[in-house]
Amino acid sequence: SLLGMIEISGKFLEPVYKNDTLYPELEIINLVSQKTTGIIEMKATILNQNEELVFEGIQKYLIKKSI
């Protein structure tokens, strides 16, 4: 179960225009196990139709562990 968002950061690396086609991707890059909770760290990227990286960021979520 998702308990909350701990951190979010990101940066647009290139301009994005009205008729662009965007391809978002989330990748789990780290899992931290704690006693009753855990932290999932994900890397967010967005490519445009020319396969140019236009956005890159990190998200961290606090989750409740299933017992």
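In what order do the 4 strands of the open sheet lie, and is their pairing parallel or antiparallel? Colour the predicted model by secondary structure and the answer can be read across the sheet: the order is E1-E4-E3-E2, and the pairing is antiparallel. Select next strand E1 (2-12) and strand E2 (22-33), which stand at the edges; each has a single partner strand, so one side of each is left without a neighbour in the sheet. If you then look from one strand to the next, the twist averages 20 degrees.

**The whole chain**

Zoom out to the full protein chain, which has 0 helices and 4 strands and which, read along the sequence, follows the pattern β-β-β-β. Its radius of gyration is 15 Å, well over the 11 Å that the globule rule gives for 67 residues, so the chain is more spread out than a compact globule. With the C-alpha trace displayed alone, the spans along the principal axes come to about 45 × 15 × 15 Å. Switching to a surface view, you have about 5200 Å² exposed by the protein chain, of which carbon and sulfur atoms supply 54%, while buried residues make up 22% of the 67 residues. Among the contacts with a separation of 6 or more, 54% are between residues 24 or more positions apart.

**Strands E2 and E3**

Select now E2 together with strand E3 (residues 37-48): the two run antiparallel and are joined by 11 bridges. To look at one pairing in particular, pick Leu31, whose bridge partner in E3 is Ile40.

**The salt bridges**

Show the charged side chains next, where the count comes to 2 salt bridges. For one of them, select Glu7 and Lys60, whose side chains meet with an N to O distance of 3.7 Å. This pair links distant parts of the chain, since Glu7 belongs to strand E1 and Lys60 to strand E4 (residues 53-64), 53 residues apart. Glu7 counts as partly exposed, at 34% relative accessibility, and Lys60 is likewise partly exposed, with a relative accessible area of 24%.

Move on to Lys43, which forms a salt bridge with Glu56, the closest N and O atoms being 3.6 Å apart. Here too distant parts of the chain are linked, with Lys43 in strand E3 and Glu56 in strand E4, 13 residues apart. A relative accessible area of 29% makes Lys43 partly exposed, and Glu56, at 32% relative accessibility, also counts as partly exposed.

How values were computed:
Residues are numbered from 1 along each chain as its sequence is written. This is a predicted model: local features need pLDDT of at least 70, side-chain atom pairs count only at pLDDT 80 or more; totals for chains, interfaces and linings use all residues. Side-chain values use heavy atoms; hydrogens and water are left out. Two strands pair if DSSP finds at least two bridges between them. Axes are lines fitted to C-alpha atoms, for helices over the stretch in contact, and angles run from 0 to 180 degrees between N-to-C directions. The radius of gyration is taken over C-alpha atoms; the globule rule is 2.2 Å times the number of residues to the power 0.38. Buried means under 20% relative accessible area, exposed over 50%, partly exposed in between (1.4 Å probe, protein chains only). Contact means heavy atoms within 4.5 Å. Accessible areas come from the Shrake-Rupley method with a 1.4 Å probe; for residues, only the protein chains shown count as cover. A salt bridge is a side-chain nitrogen of Lys or Arg within 4 Å of a carboxyl oxygen of Asp or Glu.
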